[in-house]
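Hello,

Here is the structure I promised to pass on to you. My notes follow below it, and I hope they make a handy companion while you look around.

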Amino acid sequence: MDALVPDDLWAVISPLLPPGPEKLKGGRPRASDRSALAGIILVLRTGMQWKHVPGNALGCSGKTSWRRLGEWQAAGVWANLHRVLLEQLQDANALNWSRAALDSASVPAKKGGAATGPNPTDRGKPGTKRHLVVDADGTPLGLTLTGANCHDSRMLAATLDAVPGLRTGRRGRPRRRPDKLHADKAYDHRRCRQECRARSIMPRIARRGVESSRHLGRHRWIVERTLAWIARIRRLAIRYERRADLHLAFTTLACALICRKQAKRFCP
């Protein structure tokens, strides 16, 4: 279990978990939250089915881990975990707000469900699109999910607004806006530039028919790398969850784990 939920990760997430229900007399004892989290991370990393989670080894069945995944998503645990880990990077001056990059990636959604749509790049099969904004070092800042048929430009404002406010240790509002935003030609609309400026962000959006594609990825490759990191996680290579909240929970947890890796990289 320690390999799946090391002590440093548990120290961050345990204060964020809601208290369990009062235990009635009789019956089996409630599975520990740490065991349930180990089952969730095991499924996320390996992509195994919930019924194959080794309950005897972890001390928690796959069904219990699945139930806690949804309960903690409803309680905002995964979003809070992502925010706390971002604040740790912020405190260590390891978040680069000088520029950010925005892009999206689609994955198949074989079982359908909410936040899916026909993927125009996959013969109209059901798919989900992840919209992600990262800082200049590729740390995920904000995430939204839509159907695969949603145009990227429609989600620029919502994805920027998904960045949580981070305490800076100084007086004033928590920081949540980068100085500049780099995006590709899919966002080349007047509306997108206005949405950036309304949030005091300088848009750096490639122009269709004007700028050469040869140098367009000089600053934007960083978000494509982070999207590739997420897609490499087995449970997220394909969307298996019918429920959009569970898929969002898994994706937010993946972003939080990437933030934890970034902390080890920049804060040894």
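Let me start with a question: which residues does Thr-139 touch, not counting residues up to four places away in sequence? The contacts are Leu-86, Leu-89, Leu-95, Val-133, Val-134, Cys-259 and Gln-262. Thr-139 itself sits in the loop between strand 3 and strand 4 (140-147), and it counts as buried because its relative accessibility is 0%. Do keep in mind throughout that this is a predicted model.

If you want a sense of distance from there, try Gly-113. Thr-139 and Gly-113 are 26 residues apart along the chain, and their C-alpha atoms are separated by 29 Å.

Now for the overall picture. The protein chain has 10 helices and six strands. Its C-alpha trace spans about 70 × 50 × 30 Å along the principal axes. For 268 residues, a compact globule would have a radius of gyration near 18 Å, and the 19 Å of the protein chain agrees with that. Of the 268 residues, 50% are buried. Among the contacts with a separation of 6 or more, 67% come from residues 24 or more positions apart.

As for the surface, the accessible area of the protein chain comes to about 13800 Å², and carbon and sulfur atoms hold 50% of it. The charged side chains number 50 positive and 22 negative, with the centres of the two sets lying 3 Å apart.

Next, the aromatic residues. Searching the whole structure turns up two aromatic pairs. One of them joins Trp-50 and Phe-250, which are stacked, with 5.9 Å from centre to centre and 15° between the planes. This pair links distant parts of the chain: Trp-50 belongs to the loop between helix 2 (33-46) and helix 3 (55-58), while Phe-250 belongs to helix 10 (residues 244-266), 200 residues apart. Both Trp-50 and Phe-250 are buried. In the other pair, Trp-72 and Trp-78, the ring centres are 5.8 Å apart and the planes meet at 65°, so this pair is edge-to-face. Trp-72 is buried, with a relative accessible area of 2%, and Trp-78 counts as buried too, at 0% relative accessibility.

Helix 8 (residues 221-232) is another good place to stop, and Thr-226 is found there. Thr-226 counts as buried because its relative accessibility is 0%. Not counting residues up to four places away in sequence, Thr-226 touches Leu-132, Val-134, Gly-138, Pro-140 and Ile-258.

Ile-222 has its place in helix 8 as well, and at 7% relative accessibility it counts as buried. What is Ile-222 in contact with, leaving aside its neighbours within four places in sequence? The list is Ala-101, Val-134, Asp-135, Ala-136, Asp-137 and Gly-138. Val-134 and Gly-138 are thus contacts of both Ile-222 and Thr-226, and Val-134 also touches Thr-139. You may like to look at Ala-100 from here too: its C-alpha atom and that of Ile-222 are separated by 9.1 Å, although the two are 122 residues apart along the chain.

Moving on to Asn-119, you will find this residue in the loop between strand 2 and strand 3 (126-135). Asn-119 counts as buried, at 7% relative accessibility. Outside the residues up to four places away in sequence, Asn-119 touches Ser-106, Gly-124, Lys-125 and Ala-148.

Last, two backbone details. Asn-93 has a phi near 55°, a positive value in a residue other than glycine. Asn-93 lies in the loop between helix 5 (77-91) and strand 1 (100-108). Is Asn-93 buried or exposed? With a relative accessible area of 70%, Asn-93 is exposed. Ala-115 is not a glycine either, yet it has a positive phi of about 60°. Its place is in the loop between strand 1 and strand 2 (117-118), and with a relative accessible area of 28% Ala-115 is partly exposed.

That is what I have for now. Enjoy looking through it!

Best wishes

Key: Residues are numbered from 1 along each chain as its sequence is written. This is a predicted model: local features need pLDDT of at least 70, side-chain atom pairs count only at pLDDT 80 or more; totals for chains, interfaces and linings use all residues. Side-chain values use heavy atoms; hydrogens and water are left out. Helices (H or I, at least four residues) and strands (E, at least two) are DSSP runs, numbered from the N terminus. The radius of gyration is taken over C-alpha atoms; the globule rule is 2.2 Å times the number of residues to the power 0.38. Buried means under 20% relative accessible area, exposed over 50%, partly exposed in between (1.4 Å probe, protein chains only). Contact means heavy atoms within 4.5 Å. Accessible areas come from the Shrake-Rupley method with a 1.4 Å probe; for residues, only the protein chains shown count as cover. Lys and Arg count as positive and Asp and Glu as negative; His and the chain ends are not counted. The place of a charge is taken as NZ of Lys, CZ of Arg, CG of Asp or CD of Glu. Rings of Phe, Tyr and Trp (its six-membered ring) pair if their centres lie within 6.5 Å; planes under 30 degrees apart count as stacked, over 60 as edge-to-face and the rest as tilted.
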